[in-house]
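Colleague: Could you take a close look at one part of this model for me, and then show me how the rest relates to that picture?

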Amino acid sequence: MTMRALLGGRTTRDLLVVVVLVFGVGSLAMLLAHVSPLDGFGALFDGAFGTREEVAETLVQTTNLLFPALGIAIAFRAGLFNIGAEGQLVLGGFAAGWLGAQIPLPAVLAVPMVLIAGTLAGGAWGAIPGFLRARFGANEVIATLMLNVIAVLLATYLVNGPLALPGSGASETPTLPHAAQLGDLVANSRLTWAFPIALVLAFALRWVLQRTVFGYELRAAGDAPEAAKRAGIDLGRTALVAMTLSGAMAGLGGATIVAGELHRFNTGLSPGYGFIAIAVALVGNLDPLWIVVAAFAFGVLQSGGIAMQAEAGVPRDVVSLVTGLVIIALAGRRVVATRRTT
Amino acid sequence: MQAVDGVDLELFPGEIHALVGENGAGKSTLAAIAYGAVRPDEGTVTAAGVVGLVHQHFKLIERLRVWENVLLNREPRRGLTIDAAAARERVRALGEAYGLRVDPDAIVETLPVGIKQRVELLRELDREPAVLLLDEPTASLAPGEIASFFATVADLAARGTAILVVTHKLAEVVAYSARVTVMRAGAVVARHRTSDTSAEEIAREMVGGEVPALAARAERPVETLLEARGFCAVSGSSALIDAAFTVGAGEIVGVAGVEGNGQSALADALAGVVPFTGTLNLAGTPLRADEGPAGRLQRGVRVIPQDRRHEALVLDWNVRDNAVLGRQRVIPFARYDEAARELIARFDVRPPNPDAIAGMLSGGNQQKIVVGRALAGAPALVVAYQPTRGIDIGAAILVQSRLIEARNAGAGVLLISFELDEIFACADRILVLAQGRIAGTFTRATIDRGRIGSLMAGHP
């Protein structure tokens, strides 16, 4: 069985599981918090779609999940469990924020520089486990998991230590010059050009996976490594390239958060986008276009969750609970399926 | 899916009954039902006593002694402990009685395959079965061992046991059985007294028509293509030691041998999957030990691996993408569909649909894809490792014919097979592989079945 067959699977049963988990467990949690599920979900959807600005914020959350989810999908399709998107995203954001504040450039150059810096930093952070896997056969799950912690601590150290702002107690880089900030798409919102960039990236990734020799070889390595090896595909090189690209996408996501939403790097820039994105990638069946749909659904939960807490008094943690259960349900199937086949 | 449908089968004491049919005809399912391992949806099974089953793949505990295996769960006891002395004696006496002599204290993993089979048989015999089912019992035996195995079975039958041999080797059916039942697509299509029929008739009944003829071998000059000297390699538990041989362009060299005698090391080293030592020259230029499968493919070396499901195909993918695997950089992406359609037509892949999922195809059609892509684009050297394993006769003949045609067109073919008949049918020259070494070389003119058989069994 291939990883895709184990983790993905275009079954309606999966969608059903997700829907039941979201609404069933969500309702149960709300009942435990003495809130009517009708009110709770009402507040959630109202918070996600109620106003123009709220719709924009939903799309912002969609974007923030989409970049790391696409990166995760590329690694998973190559047969690699990259669960290090969070660290790759944080370091991408840091590189973007720091470099953007250091070098004053006109907008045509500053924005690309900031985004490329984030992409390269995330890519480098993804390349490390890719290299360890290619060279020493090191398990990428453990490597990426540990590099998450290292990335967050490294960025925290840098902004508080050597790169600390004089006279400021905040764990952040200086504000980006206006030229290095991504332009708004909707007034009074944080929605920027990052959203269309993410959409284009999804289509591009889909094209690369399905329509190029590179994508063919990457999928072969993931779906049948032994057959791929015998077909002349270098599994080590594929692992390195896939992990680098995977990290690069998460890093680009971090850079767009910095350049478009926060206008500076802050150690709290991600409420766990890199982890939620694993669920997004899996619900999207590792298919870039379905991942767009999944990212939107999780974006609704993210942005509506805040309103739900404020208006209906339901703890926002219900959203985390539901997200976690979706991951367990979909990834847990892998364990069950593996047991059955062995 | 229905594997067996409305089948009647009667076994008589004292008789060896052969059950034949192609892969997927339902023979193994029928045997499993008779044994009680599979419950039939309809119908009944009655036996005048215990039913024993000897599996094709031995079910022995390798680390334990012979007597421990034979008497597993039926050990003679003395109080709370096992009476080892009595157990040993019981196994010795059992072996004596049936002419299956084995040292009861030997550790199973140290025994050769033929002896392991005796242990497997003894374990069933200790239960004094009235009916004994043997599933492909000779799959891993050398020719000499096969004769002595059937002598034992005939002796068992003579003592009143009803015996069912499930097999696909028609020569054995004709030589050793009293009755034969032929199955096709889950149903019985013919029953014979073996003396009233022939291997040819049984083959026609299995296939459901005429068995197609093998492609003719063209007379052609042979020039040395591959030259191996001091060739050593290891792949898993398989080892090839100090092999020296040549394969000519326009020649099929058969590698005969019992499974587990270095074949995997030979195939994997040529594929570039494992490193080798010694010298391998292809068309005068050395193959490098470290160039990997990509390098070998570039040199025109195509290997048809033994395990098509894991080593050759991406089962979740469609036929189109599988048809170009290994040539994915040679063929432009836009031409994948064209290449797949060509292969489907030339190898009669069914269904003839590039979008069909490879895992859903029958074994024979899967193998046609694997062989088809290996032979596409005029390869220099084709290494075919068990290319017809587990596929039906029609597909097997087609695969063998295409290999012969590739040879006629000037390719060198190394045919590694555990089926001697396949090698005799296809090979221009024969190497015998035993215990990792090349034990003998024969040409078509000097083929000596008996001598090859005894070399395969490890006798010098």
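What follows starts with a sheet and some backbone oddities, then moves on to packing and the contact between chains.

Modeller: Sure, with the ground rules up front. This is a predicted model, so local features are taken only at pLDDT of at least 70 and side-chain atom pairs only at pLDDT 80 or more, while totals for chains, interfaces and linings use all residues. Residues are numbered from 1 along each chain as its sequence is written, with chains lettered from A and ligands numbered from 1 in the order in which they are written.

Let's go to the sheet in chain B. Four strands make an open, antiparallel sheet there, in the order S10-S9-S12-S13. Strands here are DSSP E runs of at least two residues and helices are H or I runs of at least four, numbered from the N terminus; two strands pair if DSSP finds at least two bridges between them. The edges are S10 (238–249) and S13 of chain B, each pairing on one side only. Between S9 (residues 223–235) and S10 of chain B there are 9 bridges, running antiparallel, and B:Ala228 sits opposite B:Phe245 of S10(B).

Now look at the loop from S12 (276–282) to S13 (285–286) in chain B, where you'll find B:Ala283. B:Ala283 isn't a glycine, yet its phi is positive, about 50°. Most residues other than glycine have a negative phi, and most peptide bonds are trans. B:Ala283 counts as partly exposed because it has 15 C-beta neighbours inside 10 Å (buried takes 20 or more other C-beta atoms within 10 Å, exposed 12 or fewer, partly exposed is in between, and C-beta atoms are placed from the backbone).

B:Ala378 is another non-glycine with a positive phi, about 45°, and it lies in the loop between H13 and S15 (381–385) of chain B. With 10 other C-beta atoms within 10 Å, B:Ala378 is exposed. There's a cis peptide bond too, from B:Arg350 to B:Pro351, with omega about 0°. B:Pro351 belongs to the loop between H12 (336–347) and H13 (363–375) of chain B.

On to the packing. The largest nonpolar core has 255 residues, and A:Val280 and B:Leu415 have the most contacts inside it; such a core is a set of buried Ala, Val, Leu, Ile, Met, Phe, Trp, Tyr and Cys residues joined through C-beta atoms within 7 Å. H11 (residues 235–262) of chain A gives the largest share of this core, 14 residues. Beyond four places in sequence, A:Val280 has contacts including A:Leu65, A:Ile291 and A:Phe298, a contact being two C-beta atoms, placed from the backbone, within 7 Å.

Also in chain A, H5 (residues 85–102) reaches 26 Å from first to last C-alpha over its 18 residues, close to the expected 26 Å, which is 1.5 Å times one less than the number of residues. Since 17 of those 18 residues are buried, H5(A) is largely enclosed by the rest of the structure.

Finally, the contact between chains takes 18 residues from chain A and 20 residues from chain B. On the side of chain A, H9 gives the most, with 5 residues. By class, that side has 7 nonpolar, 3 polar and 8 charged residues, where Ala, Val, Leu, Ile, Met, Phe, Trp, Tyr, Cys and Pro count as nonpolar, Asp, Glu, Lys and Arg as charged, and the others, Gly among them, as polar.
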